[in-house]
Amino acid sequence: MSKRILIALTSHATLGETGRSTGFHLGEAAIPWEVFTAAGYAVDLVSVAGGNPPRDGDDPAAPVQRRFLTDPHIAAQLANTPTPDAVDTGAYEAVLFAGGHGTMWDFPDNPALARLAREIYERGGVVGAVCHGPAALVGATLSNGSYLVAGKKVAAFTNAEEAAVGLSEVVPFPLADRLTAQGATHLPADDFTAQVVTDDRLVTGQNPASARGVAEAMVDALAR
């Protein structure tokens, strides 16, 4: 396997019936990109529908976001990301499912995303997800039919955090509850504090504050 990591992004741009826009959380892609590249990995992007994915969480005061958006390789990919079906998972040591509320609509029960996770994980690679990114693990199964998260400890955006941002009735379902229903043990921390959980080669984080820790833990897991 080459030293490459794939970051998967949502293509969903609308926040339910609120009239508000959403997409992938920029910091949850940019910060891991910085960690991965500093560790010597090349980073590629993929999005559910391909093309230029919608984004959320822009912070003009965050230099890492500007570096991410102006990096020539990243900028070219953001302009025209491939779809998951077009990705050869054999090229990657790991996949990270970045968050953003858009993921709650197009990540769950997505066979193409599940293939990325399954093939990379079963080949000995690392699967990571942060904030709402673990929505990609909802419905994702291994080759034996078991849920990828079954029997594993995970972190994800919590019910309390969803309530705190006023979106409990907007998102299609409570993410932590759905992961628990699939056999995961959800380990929440205090609202909006960093929480990273590593279980075997699955690394998950609770919220945007966990993005750097998830990326660092993925790099650590790849080094084992």
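This note sets out, in numbered points, the local features of a predicted model.

1. Helix H1. This helix covers residues 26-38. Its 13 residues should span 18 Å at 1.5 Å a residue, and the C-alpha atoms at its ends are indeed 18 Å apart, so expectation and model agree. Ten of the 13 residues are buried, and H1 is therefore largely enclosed by the rest of the structure. The buried residues are Leu26, Gly27, Glu28, Ala29, Ala30, Ile31, Pro32, Trp33, Val35 and Phe36. Just after the helix, Gly40 adopts a positive phi of about 95 degrees.

2. Val130 and its link to H1. Val130 belongs to strand E6. With a relative accessible area of 1%, under the 20% cut-off, Val130 is buried. Glu28, one of the buried residues of H1, is 102 residues away from Val130 in sequence, yet their C-alpha atoms are 7.2 Å apart. Glu28 is also among the residues that Val130 touches, once residues up to four places away in sequence are set aside. The other residues touched are Leu96, Phe97, Ala98, Gly99, Gly205, Asn207, Ser210, Ala211 and Val214.

3. Helix H5. H5 runs over residues 111-122. Its twelve residues reach 16 Å from first C-alpha to last, close to the 16 Å expected at 1.5 Å a residue. Buried within this helix are Ala112, Leu113, Ala114, Arg115, Leu116, Ala117, Ile120 and Tyr121. The cover over these buried residues includes strand E1 (4-9), strand E3 (42-47), E5, H4, E6 and strand E10 (202-205). At the start of H5, a side-chain oxygen of Asn110 comes to within 3.0 Å of the backbone nitrogen of Ala112. Just after the helix, Gly124 has a positive phi of about 100 degrees.

4. Thr89 against H5. Thr89 sits in the loop between H3 and E5. Its relative accessibility is 4%, so Thr89 counts as buried. The side chains of Thr89 and Glu119 are joined by a polar contact of 2.6 Å. Apart from neighbours within four places in sequence, Thr89 is in contact with Arg115, Leu116, Glu119, Ile120 and Arg123.

5. Ser143, an exposed loop residue. Ser143 is placed in the loop between strand E6 (126-130) and strand E7 (153-154). Its relative accessible area is 56%, which means that Ser143 is exposed. Between Ser143 and Glu119 there are 8.8 Å in space, C-alpha to C-alpha, although the two are 24 residues apart in sequence. Leaving aside neighbours within four places in sequence, Ser143 is in contact with Arg118 and Glu122. The side chain of Glu122 also makes a polar contact of 2.6 Å with the side chain of Ser143.

6. Thr81. This residue lies in the loop between helix H3 (72-79) and strand E5 (94-97). At 3% relative accessibility, Thr81 counts as buried. A polar atom of the Thr81 side chain lies 2.6 Å from the backbone oxygen of Gly51. Gly51 also appears among the residues that Thr81 touches, which are Leu45, Val46, Ser47, Gly50, Gly51 and Pro53 when residues up to four places away in sequence are not counted.

7. Positive phi outside glycine. Most residues other than glycine have a negative phi. Two residues merit attention on this point. Asp109, which is not a glycine, has a positive phi of about 50 degrees. Asp109 is located in the loop between helix H4 (103-106) and helix H5 (111-122), and at 52% relative accessibility it counts as exposed. Cys131 likewise is a residue other than glycine with a positive phi, near 65 degrees. Cys131 is in the loop between E6 and E7, but with a relative accessible area of 4% it is buried.

8. The largest pocket. Where is empty space left? Rolling a probe the size of a water molecule over the atoms shows this. The largest pocket holds about 220 Å³ of space. It is lined by 16 residues, and those closest to its centre are His25, Asp56, His101, Val165 and Leu167. By class, seven of the lining residues are nonpolar, six are polar and three are charged.

Note on methods:
Residues numbered from 1 in each chain as written. Predicted model: local features only at pLDDT ≥ 70, side-chain atom pairs only at ≥ 80, totals over all residues. Heavy atoms only, no water. Helix = DSSP H or I, 4+ residues; strand = E, 2+ residues; numbered from the N terminus. Expected span 1.5 Å × (residues − 1). Buried < 20%, exposed > 50% of the residue type's maximum accessible area, 1.4 Å probe, protein only. 1 Å grid on protein atoms, 1.4 Å probe; cavity = no way out; pocket = protein on both sides within 12 Å on 5 of 7 lines; lining within 4 Å. Points joined across faces, edges and corners; volume = space filled by probe spheres on them. Nonpolar A, V, L, I, M, F, W, Y, C, P; charged D, E, K, R; others polar. Polar contact = N/O pair within 3.5 Å; in protein donor to acceptor, adjacent residues only side chain to side chain. Contact = heavy atoms within 4.5 Å.
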